[in-house]
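Trainee: I would like a close look at one small part of this protein. Please start from a single residue and work outwards.

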Amino acid sequence: MKESMWGYAVITLGILAIGIIWFFANVTKTDEHNYNLLKETVEAAMFDSLDLATYRKNGDIRIEEAKFVENFIRRFAENADLSNVYLVQIYDVNETPPKVSLRVSSRNSTNVTGEIVDFDIVNNIDAILESIY
């Protein structure tokens with residue numbers, strides 16, 4: 001009888017360990033996906049929003065704020081994970097020199113222990129567009 005209880009305990013602990021590993025792997029995957037998506041999307045949106053007329057006229061590198069916001073939101077929405085809820089906060093967009101600061105928060109919820117656990121994953125980025133003359 002004792003040996004069967006130990007067997008049940010080992011199986012239960014194994015299932016619990018697999019659940020915990022799955023939970024943390026999911027959080028890590030979500031954080032990594034959000035960071036890479038944020039980095040690539042900001043870079044592409046900055047290149048798309050370059051003001052080519054100003055560059056051809058004066059040689060100054062400048063981005064258009066409205067065009068950047070539009071391109072960023074469109075690109076981010078196309079590639080975001082639909083199982084998360086996102087909050088995008090754009091703090092600063094400097095047109096000259098091109099610099100942006102923004103934060104993307106995503107919310108996940110899980111029901112591992114019978115309680116609903118909400119947690120936020122927050123990614124910040126400050127990007128400067130550089131060029132070599």
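Which does Ser-49 count as, buried or exposed, in terms of relative accessibility?

Mentor: A word on the source. This is a predicted model, in which local features need pLDDT of at least 70, side-chain atom pairs count only at pLDDT 80 or more, and totals for chains, interfaces and linings use all residues. Residues are numbered from 1 along each chain as its sequence is written, and side-chain values use heavy atoms, with hydrogens and water left out.

Now your residue. Ser-49 counts as buried because its relative accessibility is 0%. Buried means under 20% relative accessible area, exposed means over 50%, and partly exposed is in between (1.4 Å probe, protein chains only). The areas come from the Shrake-Rupley method with a 1.4 Å probe, and for residues only the protein chains shown count as cover.

Ser-49 sits in the loop between α1 and α2 (52–58). Helices (H or I, at least four residues) and strands (E, at least two) are DSSP runs, numbered from the N terminus. Set aside the neighbours within four places in sequence. Ser-49 then contacts Arg-62, Ile-63, Glu-64, Lys-67, Phe-68 and Asn-71. Contact here means heavy atoms within 4.5 Å. Two of these partners lead further: Arg-62 and Phe-68.

Take Arg-62 and the charges. A salt bridge is a side-chain nitrogen of Lys or Arg within 4 Å of a carboxyl oxygen of Asp or Glu. The whole structure holds 5 of them. Arg-62 pairs with Asp-51 at 2.9 Å, N to O. Asp-51 is in the loop between α1 and α2 and Arg-62 in the loop between α2 and α3, so this bridge joins parts 11 residues apart in sequence. Asp-51 counts as buried, at 12% relative accessibility. Arg-62, at 24%, counts as partly exposed.

Arg-62 has another acidic partner. Its salt bridge with Glu-95 has the closest N and O atoms 2.8 Å apart. Glu-95 lies in the loop between β1 and β2 (99–110), so this bridge to Arg-62, in the loop between α2 and α3, ties parts 33 residues apart in sequence. Glu-95 is partly exposed at 27% relative accessibility. Through the shared partner, Asp-51, Arg-62 and Glu-95 form one network.

One more bridge belongs in this picture. Asp-48 and Arg-75 meet through their side chains at 2.4 Å, N to O. Asp-48 lies in helix α1 and Arg-75 in helix α3, so the pair ties parts 27 residues apart in sequence. Both partners count as partly exposed: Asp-48 at 31% and Arg-75 at 25%.

Now follow Phe-68 to the rings. Rings of Phe, Tyr and Trp (its six-membered ring) pair if their centres lie within 6.5 Å; planes under 30 degrees apart are stacked, over 60 edge-to-face, and the rest tilted. The count is 3 aromatic pairs. In one of them, Phe-68 and Phe-72 are stacked, 6.0 Å centre to centre with 20° between the planes. These two are 4 residues apart in helix α3 (residues 65–79), which means about one helical turn separates them. Phe-68 and Phe-72 are both buried. Phe-76 and Tyr-86 form an edge-to-face pair, because their centres are 5.3 Å apart and their planes at 90°. That pair links distant parts of the chain, with Phe-76 in helix α3 and Tyr-86 in strand β1 (residues 85–94), 10 residues apart. Phe-76 counts as buried at 5%, while Tyr-86 is partly exposed at 21%. Ring pairs join Phe-68, Phe-72, Phe-76 and Tyr-86 into a cluster.

Phe-68 and Phe-72 also take part in the largest nonpolar core. Such a core is a set of buried Ala, Val, Leu, Ile, Met, Phe, Trp, Tyr and Cys residues joined through side-chain atoms within 4.5 Å. It has 18 residues, and those touching the most other members are Leu-38, Val-42, Met-46, Phe-68, Phe-72, Val-100 and Leu-102. Two or more residues each come from α1, α3, β2 and β3 (117–128). The largest share, 5 residues, is from α1. Val-42 shows the packing: beyond neighbours within four places in sequence, its contacts are Phe-68, Phe-72, Val-100, Leu-102, Ile-125 and Ala-127.

That is the route from Ser-49: through Arg-62 to the salt bridges, and through Phe-68 to the ring cluster and the core.
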